[in-house]
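Dear colleague,

I am handing over the structure below, and I would be glad if you kept it open while reading the notes on salt bridges that follow it.

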Amino acid sequence: MIRSYNVGTSRRQRVSQATDARLANLLGALATGLTDGVHEATSTTARLDEVAAAALIALLDFSPRGSVQRLSQVIGLTHSGTVRLVDRLVNAGYVTRMPTRDARSRSPVLTAAGARVAQRVRIAREGAIARHIGKLSAIERATLTGLSERLISELTKQRLEQRRAGVLPAGGALCRMCDFAACGRDRGACPAAKAAAAS
């Protein structure tokens, strides 16, 4: 009796592990495909590489009047890499350097042209993802929304733990390309912001 119970448990574990491995593989393929589509859409729209496109979006909401250091953390580049990126965006006419309270430093701020390009890039990002969920039913969308919120919350907690351990998460801030209005951040609906506040 005990022996058959142990065999049954082992079989259930193997089935669970195989199911989890398949789910992880499916989510990995989905993440790769969506990321590729977003990078293509945003880079083409901005006529810049994906990091520069991400910086433009980050300067809209996430770090509109922050420092180069803050932008560096948001987009996941070194300080010197971010300085060079800001130089490129200034030369393209998308960013200007505004004085801060500290007279020795300047804050990267979008110009009117930069804000227009950033808005187009954000719309391109949304479109690259929305076209793949367009055929889902209302119930499927609601389910996917709930699952996405839960996964984003867990990702946020994991990334905060990394930061506390002195390890910068790859790519910078999770919300670096988000549309804060669509996310509901101002209404307290952003799962990343809620997870961060609870930590």
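In this predicted model, Asp61, Arg122 and Asp179 are joined in a network of salt bridges. One link in the network is the salt bridge between arginine 122 and aspartate 61, whose closest N and O atoms are 2.5 Å apart. Because arginine 122 sits in helix α5 (residues 112–133) while aspartate 61 sits in the loop between α2 and α3 (68–75), this pair ties together parts that are 61 residues apart in sequence. Arginine 122 also meets the side chain of aspartate 179 in a salt bridge, at 4.0 Å from N to O. Here aspartate 179 belongs to the loop between α6 (138–164) and α7 (180–183) and arginine 122 to helix α5, so the two tie together parts that are 57 residues apart in sequence.

Which of these residues are buried, and which are partly exposed? Arginine 122 counts as buried, because its relative accessibility of 8% is under the 20% cut-off, whereas aspartate 61, at 27%, counts as partly exposed, and aspartate 179, with a relative accessible area of 21%, is partly exposed as well.

A further salt bridge joins aspartate 49 and arginine 88, with 2.8 Å between the closest N and O atoms. This pair links distant parts of the chain, since aspartate 49 is in the loop between α1 (2–46) and α2 (50–60) and arginine 88 is in helix α4 (residues 79–91), 39 residues apart. Both residues are partly exposed, aspartate 49 at 35% relative accessible area and arginine 88 at 41% relative accessibility. The count for the model comes to 5 salt bridges.

With best wishes

Definitions and conventions. Residues are numbered from 1 along each chain as its sequence is written. This is a predicted model: local features need pLDDT of at least 70, side-chain atom pairs count only at pLDDT 80 or more; totals for chains, interfaces and linings use all residues. Side-chain values use heavy atoms; hydrogens and water are left out. Helices (H or I, at least four residues) and strands (E, at least two) are DSSP runs, numbered from the N terminus. Buried means under 20% relative accessible area, exposed over 50%, partly exposed in between (1.4 Å probe, protein chains only).
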